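Work through the exercises below with the sequence and the structure at hand. Each task is followed by a solution in steps.

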Amino acid sequence: MYDLIVIGTGPGGYHAAIRAAQLGLKVAAVEAGAVGGVCLNVGCIPTKALLHAAETLENAKKAAEFGLVFSEPQRDLTKMGKWRDKVVKKLTGGVASLLKGNGVELIKGFARLTGPHELEVDGKKLEAKKTIIATGSKPAALAGFEPDGENVLTSTEMLRVESGVPERLLIIGGGVIGLEFASIYNRLGSKVTVLEYEKQILPGSDPELVKLLTRILKKQGVEIRTGAKAVSYQRGKEGLAVSIEAVKGGESEVLAADQILLAVGRAPVTAGLNLEAVGVRTDERGFISTNEHMETNVAGVYAIGDVARPPLLAHKAMKEGLVAAAHAAGKPAAFDQQIPAVVYTNPEFASVGMTEAAAKERGIKTAVGRFPFSASGRALTLQQSEGVIKVIADAENDLLLGVHILGPGASDLIAEATLALEMAATASDLALTVHPHPTLSENLMEAAENLHGQAIHVINR
Ligand code: NAI
């Protein structure tokens, strides 16, 4: 009998398993696929590896501005694929040894719940006092665009750059996956069109920054069509003919493409888990419902990460894994955290906390500070001066409500803003903190200063 069995070894699952073992539980982790889950194998990590490779192509060109002229870069996609795999292998190998080093038993196979304290892994019976379900998510489907590995691909197949770079790539979905792959393939030479159903890409994100990002991406050569949906496609001699329709107005049009990337969201993976037999409840979208301890309606059965609820982010899964593990070990733990989000476009787009619209919806009067990267010495030295930082505070008490960053290093800068929000900091706290110069981080301080009309490097309005 195990104290705890974790199903799935993605970021959520391996965090849960390791923490539970650290807390003295006898733990097994069951994995049907590859250790590390989507994030390490076919998600966050390989995407970032390719983004870096594609960005380096661009940077080689940009270096001419400061007198370094390289000959035309030679692109070897097979080698790029091998490098991507090398990074992935190093990390997945690392996770396997962390599990082992912490005394977690790794069981390869497909787990099925047979009772609140029983599982079957490929027919073999296992017993556990508690179970954490961390089975993740898979690409959501869109009628008429079934992935076939040739015409319509998901992000998983799209990572295989060695299969070739399509001349014309149509991406359905202007969300995180759509935009990150648009950035990779645009740099690698595809003519990319992004089709987004809503009236802006990254629906729900700060519209002002999204507008700026849209402009920047268009300048980079990515075509963006919002308020449009894909209806069907046909393969002809000239490639794919994709019928699209305006969401409002219904005008239709045919776009030519060589390949389609389907990126319209992700769905929880629960098939085959046998949740019904144990009585674990899911919501109307299929996510497993949990309380703040990540425990489902069945005592001792937990769910974390993508399978539990949005946002579908690795770091949210990690934290939920730690909470579930601690609670399963009898420690007080609950999930009540600020969750930053990052889109790895160039420049990066990161945010935490409320947008102005969300604050208004709650009836909060906001004060907003901005600081453009064009006024940042460090950004200029990095040739990355596009973007802006936006700090939102409660106008009545100066408490920070949200920070939205479009610009270089946004993925790292957002961590300071997240800490500030967790600590219930005010805009003045950010403004009064001495930040090193010259850095990108001092721009966050200046955005907070601008909120009070006191930024030094811009005219405050
Ligand atoms: P998403 O939910 O971010 O975006 C999907 C987009 O497709 C939405 O903007 C939606 O309005 C649009 N859409 C839906 N149906 C459509 C249709 N028929 N035609 C045109 N547009 C349509 O989902 P995405 O990009 O697939 O990513 C899945 C999840 O993975 C997200 O929740 C995201 O948070 C996560 N992820 C996070 C990353 C990161 O943290 N950097 C990287 C990649 C994914």
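## Exercise 1: a cysteine pair

At 28% relative accessibility, Cys44 is partly exposed. The model is a predicted one.

Task: find the partner of Cys44, decide whether the pair is a disulfide, and give the handedness of the link.

Solution.
1. The sulfur atoms of Cys39 and Cys44 are 2.4 Å apart.
2. The cut-off for a disulfide is a pair of cysteine sulfur atoms within 2.5 Å, so a pair at 2.4 Å qualifies.
3. By this rule the count comes to 1 disulfide.
4. The angle about the S-S bond is -135 degrees, and the link of Cys39 and Cys44 is left-handed.
5. Cys39 has a relative accessible area of 10% and is buried, whereas Cys44, at 28%, is partly exposed.

## Exercise 2: helix H7

Task: compare the span of helix H7 (residues 207-220) with the expected value, then describe its start, its buried residues and what follows the helix.

Solution.
1. Helix H7 has 14 residues, which at 1.5 Å a residue should span 20 Å.
2. The end C-alpha atoms of H7 are 20 Å apart, in agreement with that expectation.
3. At the start of H7, a side-chain oxygen of Asp206 comes to within 3.0 Å of the backbone nitrogen of Glu208.
4. Leu209, Val210, Leu213, Thr214, Ile216 and Leu217 are the buried residues of H7.
5. An α-helix has 3.6 residues a turn, so residues three or four places apart point the same way.
6. The elements against which the buried residues of H7 pack are helix H6 (176-187) and the strands E11 (223-226), E19 (348-353), E21 (388-394) and E22 (400-407).
7. Gly221 follows H7, with a positive phi near 110 degrees.

## Exercise 3: the ligand and the domains

Task: state how many residues surround the ligand, and list polar contacts made to it by backbone atoms.

Solution.
1. The ligand is surrounded by 24 residues, and the closest are Ile177, Glu180, Glu196, Gly265 and Val342.
2. For Ile177, a backbone N or O atom is 2.8 Å from an oxygen atom of the ligand.
3. For Tyr197, a backbone N or O atom is 3.1 Å from a nitrogen atom of the ligand.
4. For Leu312, a polar backbone atom is 3.4 Å from an oxygen atom of the ligand.

Task: give the domain division of the chain, and the separation of the centres of domain 1 and domain 3.

Solution.
1. The chain is divided into domain 1 (2-138 + 267-328), domain 2 (152-264) and domain 3 (347-451).
2. Taken over C-alpha atoms, the centres of domain 1 and domain 3 are separated by 31 Å.

Definitions and conventions
Residues are numbered from 1 along each chain as its sequence is written. This is a predicted model: local features need pLDDT of at least 70, side-chain atom pairs count only at pLDDT 80 or more; totals for chains, interfaces and linings use all residues. Side-chain values use heavy atoms; hydrogens and water are left out. Domain bounds come from an automatic or database domain assignment. Buried means under 20% relative accessible area, exposed over 50%, partly exposed in between (1.4 Å probe, protein chains only). Helices (H or I, at least four residues) and strands (E, at least two) are DSSP runs, numbered from the N terminus. The expected span of a helix is 1.5 Å times one less than its number of residues. Contact means heavy atoms within 4.5 Å. A polar contact is a pair of N or O atoms within 3.5 Å; within protein, one must be able to donate a hydrogen and the other to accept it, and residues adjacent in sequence count only if both atoms are side-chain atoms. A residue is near a molecule or strand if one of its heavy atoms lies within 4 Å of it.
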